[in-house]
Amino acid sequence: MQGRSSPSGLVGLLETWAAVDTRAPRQDWAEHWSAWLGPLDAIALSTALPEIRNAGMTAPEAGKKQAVDIAQLLQQLQDDLTRSVRLIPAPQRSSLRSVPMPQAVTEPLVGEDYGSYRQRYLDIQRRFELRIDPLRQHCRQVLSQASPRLRQLAQLDATLETMLMPRTQALLATLAVLLERRFHRYRQDESLPMADFEQDFQAALVAELHFRLEPVTGLVEAWRTGA
């Protein structure tokens, strides 16, 4: 459910900033997944497959009525979190918790170090996790009640989420490192306006948001198509 054969916005951004080719050309589905799952993961997945197959043999408990809700919930969550990335006050002016009303950001103050940005990044990541993880679980519940095939998909998603978590965290840690390097690059080069870094910072967080939402989007799309 996580990681598609086509590069995501986050992968494209990392590719640009790191000046390296992060894409895997001409890989088929199996080759693509072999880069994400190790031997132990393959064993665990093989062990889980019988239970996933059995999930498709029982009748659903409810219809698709709730799926309209998860599509709306997904759109609302994406809008809310994107807005929070865009409107959170610049870290050098105050902490997230001390500001009751967010304001549009402009640019870092002269001499500001990366510490406040790092804290802001971590705070936004926590917001992502607090909102996205429950929605993903809710989508699985909806799919489990929609049809036997979608129930199988929900169980497969739960299994893969655990397996892919270390790789996901490693990828996101790379983004944090690149952001800090980019900040210092802006600081050291007087020809680069710091306001542009703020735009890069927000672009990175929005790309991360879309990356984190890919599995949820996949669940919603699967329900819509009945796949």
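# Notebook: salt bridges, rings and confidence

I began with Arg83, which forms a salt bridge with Asp80, the closest N and O atoms lying 3.1 Å apart. The model is a predicted one. I looked up where the two residues sit: both are in helix α4 (residues 67-87), 3 residues apart, about one turn of the helix. I then checked their accessibility. Arg83 counts as partly exposed because its relative accessibility is 43%, and Asp80 counts as partly exposed at 22%. The cut-off for buried is under 20%, so Asp80 at 22% falls outside that class.

Next I asked which other residue Asp80 meets in a salt bridge. Arg131 is the partner, at 3.4 Å from N to O. Arg131 lies in helix α5 (residues 115-144) and Asp80 in helix α4, so this pair ties together parts that are 51 residues apart in sequence. I noted Arg131 as partly exposed, its relative accessible area being 36%.

**Entry: α5 and α6**

I moved on to Arg118, which forms a salt bridge with Glu180, with 3.0 Å between the closest N and O atoms. This pair links distant parts of the chain, Arg118 being in helix α5 and Glu180 in helix α6 (residues 148-188), 62 residues apart. Arg118 is partly exposed, with a relative accessible area of 37%. Glu180 also counts as partly exposed, at 26% relative accessibility.

I looked for salt bridges joined into a network and found Arg136, Arg140, Asp157 and Glu161 linked in one. For the whole structure I wrote down 12 salt bridges.

**Entry: aromatic rings**

How many aromatic pairs does the structure hold? I have 10 in my notes. I took Phe183 and Phe197 as the pair to examine: their ring centres are 5.2 Å apart and their planes stand at 75 degrees, so the pair is edge-to-face. Phe183 belongs to helix α6 and Phe197 to helix α7 (residues 194-225); the pair links distant parts of the chain, 14 residues apart. I checked whether these residues are buried or exposed, and both Phe183 and Phe197 are buried. Phe183 and Phe197 also belong to one aromatic cluster, which they form with Tyr114, Tyr117, Tyr121, Tyr186 and Phe201.

**Entry: Thr159**

I placed Thr159 in helix α6. A polar atom of the Thr159 side chain lies 3.0 Å from the backbone oxygen of Gln155. I then set aside the neighbours within four places in sequence and listed the remaining contacts of Thr159, which are Leu45, Ala48 and Ile52.

**Entry: Ile124**

I found Ile124 in helix α5. Ile124 is buried, because its relative accessible area is 0%. I also looked up the C-alpha separation between Ile124 and Ser84: the atoms are 8.0 Å apart, with the residues 40 apart along the chain.

**Entry: the chain as a whole**

I counted elements next: the protein chain has 7 helices and 0 strands. Read from the N terminus, the order is α-α-α-α-α-α-α. The protein chain has 227 residues, and buried residues make up 41% of them. I looked at how far apart in sequence the contacting residues are. Of the contacts with a separation of 6 or more, 80% are between residues 24 or more positions apart. The exposed surface comes to about 12600 Å², with carbon and sulfur atoms supplying 55% of it.

**Entry: confidence**

I closed with the pLDDT values. The protein chain averages 79, and 73% of the residues score at least 70. Which element has the lowest mean pLDDT, and which the highest? Helix α2 (residues 29-34) has the lowest, at 68, and α5 the highest, at 93. Over residues 1-6 the pLDDT is below 50, and I noted 21 contacts for this stretch in the model beyond near neighbours in sequence. Residues 91-103 also stay under 50, and the model has 25 contacts for them beyond four places in sequence. Where pLDDT is low, predicted coordinates should not be read in detail. I have therefore not read the contacts of these stretches any further.

How values were computed
Residues are numbered from 1 along each chain as its sequence is written. Side-chain values use heavy atoms; hydrogens and water are left out. A salt bridge is a side-chain nitrogen of Lys or Arg within 4 Å of a carboxyl oxygen of Asp or Glu. Helices (H or I, at least four residues) and strands (E, at least two) are DSSP runs, numbered from the N terminus. Buried means under 20% relative accessible area, exposed over 50%, partly exposed in between (1.4 Å probe, protein chains only). Rings of Phe, Tyr and Trp (its six-membered ring) pair if their centres lie within 6.5 Å; planes under 30 degrees apart count as stacked, over 60 as edge-to-face and the rest as tilted. A polar contact is a pair of N or O atoms within 3.5 Å; within protein, one must be able to donate a hydrogen and the other to accept it, and residues adjacent in sequence count only if both atoms are side-chain atoms. Contact means heavy atoms within 4.5 Å. Accessible areas come from the Shrake-Rupley method with a 1.4 Å probe; for residues, only the protein chains shown count as cover. pLDDT is the predictor's confidence in each residue, from 0 to 100.
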